[in-house]
Amino acid sequence: MSNSIESVLVETRVFPPPASAVQGATISGMDAYRALVAQAERDPNAFWARLAREHLQWTKPFTQVLDESKAPFYRWFGDGELNVSANCLEAQIAQGKGDKVAIIFEADDGKVDKITYSQLLVRVSRFANGLKSLGYKLGDRASIYMPMSIEAVVAMQACARLGVIHSVVFGGFSAKSLQERIVDVGASLVITADEQMRGGKAIALKPAVEEALAMGGCEAVRRVVVYKRTGAKVDWTEGRDLWMHDVEAGQPDVCTPTPVNAEHPLFILYTSGSTGKPKGVQHSSAGYLLWSALTVKWTFDSRDSDVFWCTADVGWVTGHTYITYGPLACGLTQVMFEGVPTYPDSGRFWDMIARHKVSVFYTAPTAIRSLIKACEGNPKTHPRNYALDCLRIIGSVGEPINPEAWMWYYKNVGRERCPIVDTWWQTETGGHMITPLPGATPLKPGSCTLPLPGISAAIVDETGEDVPSGSGGFLVMKRPWPAMIRTIWGDPDRFIKSYFPPELKGYYLAGDGAQRDADGYFWIMGRIDDVLNVSGHRLGTMEVESALVAHEMVAEAAVVGRPDDTTGEAVVAFVVLKRSRPEGDEAKAIAQQLRDWVAKEIGPIAKPRDIRFGDNLPKTRSGKIMRRLLRVVAKGETITQDVSTLENPAILEQLSKSL
């Protein structure tokens, strides 16, 4: 590990929570926040046990809170049993919410469907019964490759109901990425759709599944269940493929939920790592669900009257925690959206907020930045032209939000009366870790502010020692928490190496650099490893490099990130071909060819923004590629570092001038 984090600009703008947010808030005022923090620090086990008993329904109560005997493979509530789906559905109906709308689904073309908690329970039960009739049971794994839809939630909840471990793969990923995940998780079931609709265009999903299964290694897959989204013609394998509606047809409306151990894996979700092979992040049932519900209640100050909208895709952890599980476990009405924020125009988000009376809105800085630009091009789509008085809380997720975008969001969407909850967390943490509380925390543009109660966040140096305020260091968690990653599926050694390096005293290493200001507020400074954050999606540089080198023309490649106003980070690739270095139009044509190749191998999100061709890459005499110098080149900055260790320093000038 290395630490090159410099100081952060001092932010003098502070926005106290408005009185309307403080009044009646779940955590109201800083004294209430500090009291909860003190409780958690005084007796962590009692703190978490109380919350687990208050917020979850158990079929077998737990007696043990935290088992640290095999640290860092922590177990929470390990002798308890429950069912996640029952906590999301039956628990709400028992509170009289059966007729309450659970999901308002808006399709790409604007068509709206609504489903109540009682109706959702029936759908989930029928589909779960259908899967059960096909022989699926506790411990089996299902890969889910679906569009944003009520059906995606039904599929995930049905798996949870049976104790089938689901692994959702984002619908924008390529067939190869899907195949790698099916093989790694050992899926015996794939749930997909014929197509998905985005921005008025149909994007095929079933053909990608066919391609993935044909690649080999997927012999465990017995069934492919297909949601008929568009009715497009698809290849069909009799005896293996089934329509989702046929699986549900004729099944009973009641499916007794399968009680599972608190530590039973609810899902495996793959996230990019610096080695090239995606990491299967394993999450538990009880600890994960507890934190999903708590963070919805704390961070979003959720109320029964809320209409909640998280714009993420269920293919990412944000869509798991803040669409499929958290809001349902809290009995909320939520909006779910199939499309993109710029179709049919860039006013789509604001129009939907106004029409559906959204009160809590949660989106990514990338979306905000792209909509700022779009408003400049088409003033009619500016949020000031929409009735957004229904909003009371707005949030940000996926990456740090730069202060300028924060201010635009605060003024134009929140109308200077809605607190912004700028949330820091990860796939591995299960839910929010450091975030403002809308009824308590004074806000600073660009800072995720303070850790939630029970979260022992700290900034340390390379030996695990705390660093003083204003100094950069590694963001760590000093104590375990219920929703933390349990292991990397099938690779416990990589789990320890990635998250609990021995030099850091057993602390959880987040992989982000950070610093704290004089008020104790956290500022996230970026990744300390070779993982890029593009539009809130994590991409391993090794993944992109591996894809490029797999192309027949490419001899060598190095990938770095550079700051981007819209996507946060942009992928920049430095490529050495097996032939002479191309120039001019030929270079542009080959660069486009390689971009398309990366999109096919990984997915469109991984496409390099820039591809630069060189005769070689900057390397030390021992052959190590000097990526830190390439980052400087990618930003268009002048290299001031010592380059005497380079075998070929002149190559930097060539790469600086290339396409």
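# Aromatic pairs, a sheet and a helix

Y288 is buried, its relative accessible area being 0%. This residue is a starting point for a walk through the structure, which is a predicted model. Y288 belongs to an aromatic pair with F267, in which the ring centres are 4.9 Å apart and the planes make an angle of 85°, an edge-to-face arrangement. F267 is part of strand β14 (residues 267–271) while Y288 is part of helix α11 (residues 286–299), so the pair ties together parts that lie 21 residues apart in sequence. F267 also counts as buried, because its relative accessibility is 0%.

A pair of aromatic rings is described by two values, the distance of the centres and the angle of the planes. Across the whole structure, a search finds 37 aromatic pairs. In one of them, W58 and F62 have ring centres 4.9 Å apart and planes at 65°; the pair is therefore edge-to-face. W58 and F62 are both buried. These two residues also belong to a cluster linked by ring pairs, whose members are F47, W48, W58, F62, W76, F77, W291 and W298.

Rings also meet charged side chains. R181 lies over the face of F173, and the distance to the ring centre is 4.7 Å. In another case the ring is that of Y136, and the charged end of R222 sits over it at 4.4 Å from the centre.

Y136 and R222 come up again around S188, which touches both of them. The other residues that S188 touches, leaving aside those up to four places away in sequence, are D140, R141, A220, V221 and R223. S188 is placed in the loop between α8 (175–185) and β8 (189–193). Is S188 buried or exposed? With a relative accessibility of 8%, S188 counts as buried, because the cut-off for buried is under 20%.

The next stop is a sheet. Strands of a sheet pair through backbone hydrogen bonds, in a parallel or an antiparallel way. Here 4 strands make an open sheet with antiparallel pairing, and their order is β21-β22-β24-β25. The edges are taken by β21 (457–460) and β25 (522–527); each has a single partner strand, so one side of each has no neighbour in the sheet. From one strand to the next, the twist averages 45°.

At one edge, β21 pairs with strand β22 (residues 473–477) in the antiparallel sense, over 4 bridges. There A458 has V476 of β22 as its bridge partner. At the other edge, strand β24 (residues 508–516) pairs with β25, again antiparallel, over 5 bridges. G513 stands opposite G526 of β25. The hairpin of β24 and β25 has 5 residues between the strands, and in this hairpin G520 takes a positive phi near 85°.

The last element is helix α14 (residues 365–377). How many residues does α14 have, and how far does the helix reach from its first C-alpha to its last? Helix α14 has 13 residues and reaches 19 Å, close to the 18 Å expected at 1.5 Å a residue. In an α-helix there are 3.6 residues a turn, so residues three or four places apart point the same way. The buried residues of α14 are P365, T366, A367, I368, R369, L371, I372 and C375. They pack against both helices and strands: α13 (348–356) and α15 (403–413), together with β18 (360–363), β19 (393–396), β28 (554–564) and β29 (568–577).

Key. Residues are numbered from 1 along each chain as its sequence is written. This is a predicted model: local features need pLDDT of at least 70, side-chain atom pairs count only at pLDDT 80 or more; totals for chains, interfaces and linings use all residues. Side-chain values use heavy atoms; hydrogens and water are left out. Rings of Phe, Tyr and Trp (its six-membered ring) pair if their centres lie within 6.5 Å; planes under 30 degrees apart count as stacked, over 60 as edge-to-face and the rest as tilted. Buried means under 20% relative accessible area, exposed over 50%, partly exposed in between (1.4 Å probe, protein chains only). Helices (H or I, at least four residues) and strands (E, at least two) are DSSP runs, numbered from the N terminus. A charge sits over a ring if NZ of Lys or CZ of Arg is within 6 Å of the ring centre and within 35 degrees of the ring normal. Contact means heavy atoms within 4.5 Å. Two strands pair if DSSP finds at least two bridges between them. Axes are lines fitted to C-alpha atoms, for helices over the stretch in contact, and angles run from 0 to 180 degrees between N-to-C directions. The expected span of a helix is 1.5 Å times one less than its number of residues.
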